[in-house]
Amino acid sequence: MDKAKNRARVKGIVVTAAAAALALSLTACGGDGGGKKDSGSSPAASGGKSQSNDPAPQSNQVLATVQGPNGIEITINSAKRDTGGFVTVDGTVANSSQQNNSLPGWQGSEQELRENGASMAGASLVDKEGKKRYLILRDTDGRCLCTKFPMGVDPGKKLPFFAQFPAPPAGTSEVDFQVPTMPTATIKISG
């Protein structure tokens, strides 16, 4: 019985620490205003009111923009290395089509993580030089530390997103951001 209580207490501490790290990272997110663009970037999309409760900051800086199927466009505004040993990527997902897009395939393929639904859970960072792929961080219940889109993205809407990954080595400043069904975006990590 004492083991069960101890496990519950440890799990509570881990969840609290993860929530504190997430809150700290989200307050530290944001562009540095440097205006650097990847060679595959397009000009910044026009600003708009957020349709999500996620605290991803709005920024005029654009690291990369990729166009996917069914009118979906991802704009990446920031990829910031945080002191906790992770990288937070944020930006927007826009739907220029005439119908809701549930973002099929974005939730990832891990069986134990199916409850993530429409989310950024399937995203990854690829360090081509180091030959490593970094998957989205998860909490102790297996939920991604990323934006979830429970209703998908409605036509004409632009929603903010964030996604947290383990940080590549300090010397790595350029990575590929990949989301299933979307083209790869090469981005620079700041911080």
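Two strands count as paired if DSSP finds at least two bridges between them. With that in hand, let's work through this predicted model.

**Exercise 1.** Find which residue stands opposite Ile76, and describe how β2 and β3 pair.

*Solution.* Start with Ile76: the residue opposite is Gly91, in β3. Next, take the two strands as a whole: β2 and β3 run antiparallel to each other, with ten bridges between them.

**Exercise 2.** Work out the strand order of the open four-stranded sheet, and explain why one side of β1 and of β6 has no neighbour there.

*Solution.* First, write down the order, β1-β2-β3-β6, in which the pairing is antiparallel. Then look at the ends: β1 and β6 are edge strands with a single partner each, so one side of each lacks a neighbour in the sheet. Finally, add the twist, which averages 25° from one strand to the next.

**Exercise 3.** Identify the residues with the most contacts inside the largest nonpolar core, and say which elements build this core.

*Solution.* The core holds 34 residues, and Ile74, Val89, Phe177 and Ile187 have the most contacts inside it. Elements giving two or more residues to this core are β1, β2, β3, β6, β7 and β8. Now zoom in on Val89: leaving out residues up to four places away in sequence, Val89 touches Ile76, Leu125, Phe161, Phe177 and Ile187, among others.

**Exercise 4.** Decide whether Thr186 is buried or exposed, and find its side-chain polar partner.

*Solution.* Thr186 lies in strand β8. Its relative accessible area is 18%; buried means under 20%, so Thr186 is buried. The polar partner is Asp176, whose side chain contacts that of Thr186 at 2.7 Å.

Notes:
Residues numbered from 1 in each chain as written. Predicted model: local features only at pLDDT ≥ 70, side-chain atom pairs only at ≥ 80, totals over all residues. Heavy atoms only, no water. Core = buried A, V, L, I, M, F, W, Y, C linked by side-chain atoms within 4.5 Å. Buried < 20%, exposed > 50% of the residue type's maximum accessible area, 1.4 Å probe, protein only. Contact = heavy atoms within 4.5 Å. Axes fitted to C-alpha atoms, helices over the stretch in contact; angles between N-to-C directions. Polar contact = N/O pair within 3.5 Å; in protein donor to acceptor, adjacent residues only side chain to side chain.
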